[in-house]
Amino acid sequence: MSNQTSLRVADLPQNTPTAFDLRPDARWLDVIKEDLGLLGLRKLSFVGELRAQGKRDWALTGKLGATVIQPCVVTLEPVTARIDTPVSRMFLADWSDPDEEEFEIPEGDDSEPLGAEIDPAQVMIEALSLALPQYPRKDGAELEQADYTEPGKQAMTDEDVKPFAGLASLRDAMKKDE
């Protein structure tokens with residue numbers, strides 16, 4: 001599927017932007033939905049352009065739109081969300097992979113190595129996965145307190161874990177004794 005959307009860098013015009021407008025069909029939406037673990041995916045679109053940056057680098061800018069349905073993290077009921085987000089990527093000819101094992105990529109870094117092809121569909125799917133709500137929650141859904149312990153023992157509650165919760169009552173008791 002994505003082979004149809006790949007653009008050969010060698011064929012791209014240097015002086016004018018190359019526009020793209022991706023609107024996956026139902027079959028393609030099903031594949032993306034399954035890959036991302038969604039309950040539903042509708043109205044997916046990725047519209048933008050690819051333009052030269054200097055002599056060897058390329059900039060992709062676009063707007064991603066989609067309606068996604070995910071399971072609620074509390075009830076597992078379907079939760080629908082609309083995603084509309086700008087997307088940008090820089091494809092750098094001189095991009096180098098950091099040597100350090102624990103290297104952390106700065107937030108907002110949208111650079112990638114430039115290969116022989118640039119695939120807007122791949123960028124679309126990656127951007128969609130990054131834009132998904134991490135903890136979708138149905139309106140009004142709340143976790144109940146769950147207490148776990150060994151059989152025959154008293155379970156600790158959230159109140160038991162708060163070490164200073166009883167100090168106010170202790171202070172008040174001490175004032176009465178004075």
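Two strands count as paired here if DSSP finds at least two bridges between them. With that in hand, welcome to this predicted model, in which five strands build an open sheet in the order β2-β3-β4-β5-β6 with mixed pairing. The protein has four helices and seven strands, and the elements follow the pattern β-β-α-β-β-β-β-β-α-α-α along the sequence. Here is a tour, from the overall picture down to two individual residues.

**The protein as a whole**

- Of the 178 residues in the protein, 29% are buried.
- About 12800 Å² of the protein is exposed, and carbon and sulfur atoms supply 49% of that area.
- Among contacts with a separation of 6 or more, 62% are between residues 24 or more positions apart.

**The sheet and its edges**

- The order of the open sheet is β2-β3-β4-β5-β6, and its edges are held by β2 (18-22) and β6 (111-113), each of which has a single partner strand, so one side of each is left without a neighbour in the sheet.
- From one strand to the next, the twist averages 20°.
- Starting from the β2 end, β2 pairs with β3 in the antiparallel sense over five bridges.
- Two bridge partners let you line this pair up on screen: D21 sits with V47 of β3, and L22 sits with F46 of β3.

**The two hairpins around β4**

- β3 and β4 pair in the antiparallel sense over twelve bridges.
- One place to check the register of β3 and β4 is E49, whose bridge partner in β4 is T61; another is R42, which stands opposite T67 in β4.
- The hairpin of β3 and β4 has three residues between the strands, and G54 there takes a positive phi near 70°.
- On the other side of the pairing list, β4 and β5 run antiparallel and are joined by 14 bridges.
- For β4 and β5, a handy marker is W58, whose bridge partner in β5 is F91.
- β4 and β5 also form a hairpin, this time with six residues between them, and L76 in the turn has a positive phi of about 70°.
- As for cover, β4 is mostly shielded, with eleven of its 15 residues buried.
- For the background, side chains in a regular strand alternate between the two faces of the sheet.

**Helices against the sheet**

- Helix α1 (residues 26-36) has W28, L29, I32 and K33 among its residues, and these four are buried.
- These buried residues cover an arc of only 140° around the axis, which puts them on the same side of α1.
- The face of α1 turned away from that buried side carries the exposed residues R27, E34 and D35.
- What do the buried residues of α1 pack against? Their packing partners are β3 (40-53) and α2 (120-131).
- Just after α1, G37 takes a positive phi of about 70°.
- Helix α2 lies across β2, β3, β4, β5 (78-92) and β6, and runs at about 130° to β5.

**A closer look at T67**

- T67 lies in strand β4 (residues 57-71).
- Is T67 buried or exposed? Buried means under 20% relative accessible area, and T67 counts as buried because its relative accessibility is 7%.
- The side chains of T67 and R82 are joined by a polar contact of 3.0 Å.
- Beyond neighbours within four places in sequence, T67 is in contact with G40, L41, R42, K43, T80, A81 and R82.
- Of these contacts, R42 is the residue that stands opposite T67.

**A closer look at L114**

- L114 is in the loop between β6 and β7 (117-118).
- With a relative accessible area of 22%, L114 is partly exposed.
- The C-alpha atoms of L114 and L92 are separated by 5.0 Å, although the two residues are 22 residues apart along the chain.
- Setting aside neighbours within four places in sequence, L114 is in contact with V9, R56, W58, F91, L92 and A93.
- Two of those contacts, W58 and F91, are also bridge partners of one another.

Technical notes
Residues are numbered from 1 along each chain as its sequence is written. This is a predicted model: local features need pLDDT of at least 70, side-chain atom pairs count only at pLDDT 80 or more; totals for chains, interfaces and linings use all residues. Side-chain values use heavy atoms; hydrogens and water are left out. Buried means under 20% relative accessible area, exposed over 50%, partly exposed in between (1.4 Å probe, protein chains only). A polar contact is a pair of N or O atoms within 3.5 Å; within protein, one must be able to donate a hydrogen and the other to accept it, and residues adjacent in sequence count only if both atoms are side-chain atoms. Contact means heavy atoms within 4.5 Å. Accessible areas come from the Shrake-Rupley method with a 1.4 Å probe; for residues, only the protein chains shown count as cover. The arc is that of the directions from the helix axis to the C-beta atoms. Axes are lines fitted to C-alpha atoms, for helices over the stretch in contact, and angles run from 0 to 180 degrees between N-to-C directions.
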